[in-house]
Amino acid sequence: MKAIEKELDRMVQELHKNQRCHICGAYSATEIHHIISRKDKMLRYDITNLLPVCHTCHMKIHDKGLN
């Protein structure tokens, strides 16, 4: 991963800091879920493709396919 991509990833995390989890409503939205995979370079940093979520809900999304 390039240095600029790492910096953009860090900035995306900061944008959603102190927000509620989009799934359960908890104040602990510590992660960002990409609706369309991060592999899609056109949508990787598009804010309409990002959901603030807590760790528990993020794992449920990936393990059980919840959206």
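**Exercise 1. Work out whether cysteine 21 is buried or exposed in this predicted model, and whether cysteine sulfurs pair up here.**

Step 1. Start with the surface. Cysteine 21 has a relative accessibility of 3%. Anything under 20% counts as buried, so cysteine 21 is buried.

Step 2. Now look for a partner. A disulfide is a covalent bond between the sulfur atoms of two cysteines. The cut-off to use is 2.5 Å between the sulfurs. For cysteine 21, the closest cysteine sulfur belongs to cysteine 57, and it sits 3.8 Å away, which is too far for a bond.

Step 3. Try cysteine 57 next. Its nearest cysteine sulfur is that of cysteine 54, at 3.6 Å, and cysteine 57 is in no disulfide. Cysteine 57 is buried too, with 5% relative accessibility.

Step 4. Add it up: the count of disulfides is 0.

**Exercise 2. Find out which residues make a nonpolar surface patch of about 260 Å².**

Step 1. Go to helix α1, which covers residues 3-15, and pick out isoleucine 4 there.

Step 2. Check how open isoleucine 4 is. Its relative accessibility is 54%, and exposed means over 50%, so isoleucine 4 is exposed.

Step 3. Put the patch together: Ile4 joins Leu8 and Met11.

**Exercise 3. The structure holds 4 salt bridges; say where the partners of glutamate 5, arginine 10 and aspartate 9 lie.**

Step 1. Keep the basic idea in mind. Side chains of opposite charge can pair when their charged atoms come close. Here the limit is 4 Å between nitrogen and oxygen.

Step 2. Take glutamate 5. It pairs with lysine 41, with 3.6 Å between the closest N and O atoms. Glutamate 5 is in helix α1, while lysine 41 is in the loop between β1 (31-34) and β2 (50-53), so this bridge ties together parts 36 residues apart in sequence. The two ends differ in cover: glutamate 5 is buried at 18%, whereas lysine 41 is exposed at 55%.

Step 3. Take arginine 10. Its salt bridge goes to glutamate 7, at 2.6 Å from N to O. Both residues lie in helix α1, 3 residues apart, or about one turn of the helix. Arginine 10 is partly exposed at 44%, and glutamate 7 is partly exposed at 34%.

Step 4. Take aspartate 9. Its side chain meets that of arginine 38 at 3.7 Å, N to O. Aspartate 9 belongs to helix α1 and arginine 38 to the loop between β1 and β2, so the link spans parts 29 residues apart in sequence. Aspartate 9 is buried at 17%, and arginine 38 is partly exposed at 35%. Shared partners join Asp9, Arg38 and Arg44 into one network.

**Exercise 4. Describe the largest pocket: what is its volume, and which residues line it?**

Step 1. Think about how space gets found. Rolling a probe the size of a water molecule over the atoms shows where empty space is left.

Step 2. Read off the volume: about 170 Å³ for the largest pocket.

Step 3. Walk around the lining. Asp9, Val12 and Gln13 are among the lining residues, and so are Ile32, His33 and His34. The list also includes Ser37, Tyr45, His58 and His62.

Step 4. Match the lining to the fold. Helix α1, strand β1 and helix α2 (55-64) each supply at least two of the lining residues.

Step 5. Link back to Exercise 3. Asp9, Arg38 and Arg44, joined in one salt-bridge network, also line the largest pocket.

How values were computed: Residues are numbered from 1 along each chain as its sequence is written. This is a predicted model: local features need pLDDT of at least 70, side-chain atom pairs count only at pLDDT 80 or more; totals for chains, interfaces and linings use all residues. Side-chain values use heavy atoms; hydrogens and water are left out. Buried means under 20% relative accessible area, exposed over 50%, partly exposed in between (1.4 Å probe, protein chains only). Patches are made of residues with over 30% relative accessible area and no salt bridge: like charges are joined within 9 Å, nonpolar side chains (Val, Leu, Ile, Met, Phe, Trp, Tyr) within 5 Å. Accessible areas come from the Shrake-Rupley method with a 1.4 Å probe; for residues, only the protein chains shown count as cover. Helices (H or I, at least four residues) and strands (E, at least two) are DSSP runs, numbered from the N terminus. On a 1 Å grid over the protein atoms alone, a cavity is a set of points where a 1.4 Å probe fits but cannot get out, and a pocket is an open set with protein on both sides within 12 Å along at least five of seven lines; lining residues have an atom within 4 Å of a point. Grid points are joined across faces, edges and corners, and a volume is the space filled by probe spheres set on the points.
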